[in-house]
Amino acid sequence: MSSRAEQKLRTRRALMDAALAQLSADRGFGSLSLREVAREAGIAPTSFYRHFSELDELGLALVDEGGVALRQLMRQARKRIARNGSAISTSVDTFMEYLGNNANLFRLMLRERTGVSKPFRTAIRAEIDHFVTELADDLSRFADEEGRLLSDPRIVAEAMVTLVFNQGAEALDCTPKERDILKTKLKQELRMILVGSQTLASMSQN
């Protein structure tokens with residue numbers, strides 16, 4: 001890669017980091033301006049257009065990055081599960097680790113999945129769907145390996161992801177002690193969903 005191409009990538013990264021740095025519990029992506037993002041990144045506003053056609057394109061790149069990062073972490077969690085066997089506990093711990101390292105990215109996804117921008121809603125829905133699909137595949141595989149029937153893994157995965165995202169929103173503003181309590185509660189709730197699905201599957205066989 002040429003030095004010019006590397007510089008372009010660094011500037012693009014700086015713009016994305018600048019936008020993320022300005023997000024908070026009180027400020028959403030829609031309130032950002034191109035000018036202030038460019039200033040935070042250390043470039044002229046006109047140079048912004050060499051990297052993104054508009055601010056929303058930058059936001060969509062962040063959504064994609066957030067989804068990819070979360071799926072990669074959960075794949076790492078599956079490797080941990082293979083070693084210690086605690087699927088729910090390991091997955092929740094991994095998700096909370098992601099949340100701690102990507103709070104503003106998660107805030108962006110939470111806000112914009114029900115926001116006014118259709119491209120944002122569509123992109124975030126696609127990321128969540130990827131996550132649900134991978135989880136449903138995992139649940140089916142774990143059920144086969146353990147010899148336990150599972151009633152509709154896709155619906156179970158959707159329920160779990162919805163619960164995790166909702167609890168993740170609450171965890172963003174928790175103290176470390178409160179987050180530990182929330183993690184314990186979340187693990188129990190996920191086990192209840194799983195056991196409920198196993199029970200339904202067992203009943204349908206009788």
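## The largest pocket

Five helices, α3, α4, α6, α7 and α8, each put at least two residues into the lining of the largest pocket; helices here are DSSP runs of H or I with at least four residues, numbered from the N terminus. The biggest share comes from α6, with nine residues. In total 32 residues line this pocket, and Ala87, Ile88, Leu139, Phe142 and Leu194 sit nearest its centre. The space inside comes to about 700 Å³.

A word on terms: on a 1 Å grid over the protein atoms alone, a pocket is an open set of points with protein on both sides within 12 Å along at least five of seven lines, a cavity is a set where a 1.4 Å probe fits but cannot get out, and lining residues have an atom within 4 Å of a point. Grid points are joined across faces, edges and corners, and a volume is the space filled by probe spheres set on them.

This is a predicted model, where local features need pLDDT of at least 70 and side-chain atom pairs count only at pLDDT 80 or more, while totals for chains, interfaces and linings use all residues. Numbering runs from 1 along each chain as its sequence is written, and side-chain values use heavy atoms, with hydrogens and water left out.

## The one cavity

The structure has one cavity of 30 Å³ or more, with a volume of about 60 Å³. Its lining is made up of Gly66, Gly67, Leu70, Arg71, Tyr98, Met109, Glu127, Ile128, Phe131 and Phe165. Two elements, α3 and α6, give two or more residues to that lining, and α3 gives the most, with four.

## The nonpolar core

The largest nonpolar core (buried Ala, Val, Leu, Ile, Met, Phe, Trp, Tyr and Cys residues joined through side-chain atoms within 4.5 Å) has 58 residues, and Phe29, Leu58 and Leu62 touch the most other members. Of the elements, α3 gives the most, with nine residues. Domain 1 (1-53) and domain 2 (55-204) each supply at least three residues, with bounds taken from an automatic or database domain assignment.

Take Leu58: beyond its neighbours within four places in sequence, Leu58 is in contact (heavy atoms within 4.5 Å) with Leu15, Met16, Ala19, Phe29, Val37, Phe48 and Phe52.

## Helix α7

With 19 residues, α7 spans 26 Å from first C-alpha to last, close to the 27 Å expected at 1.5 Å a residue, counting one less than its number of residues. Its buried residues (under 20% relative accessible area, 1.4 Å probe, protein chains only; exposed is over 50%, partly exposed in between) include Val156, Met160, Leu163 and Phe165. The buried residues of α7 pack against α4, α5, α6 and α8.
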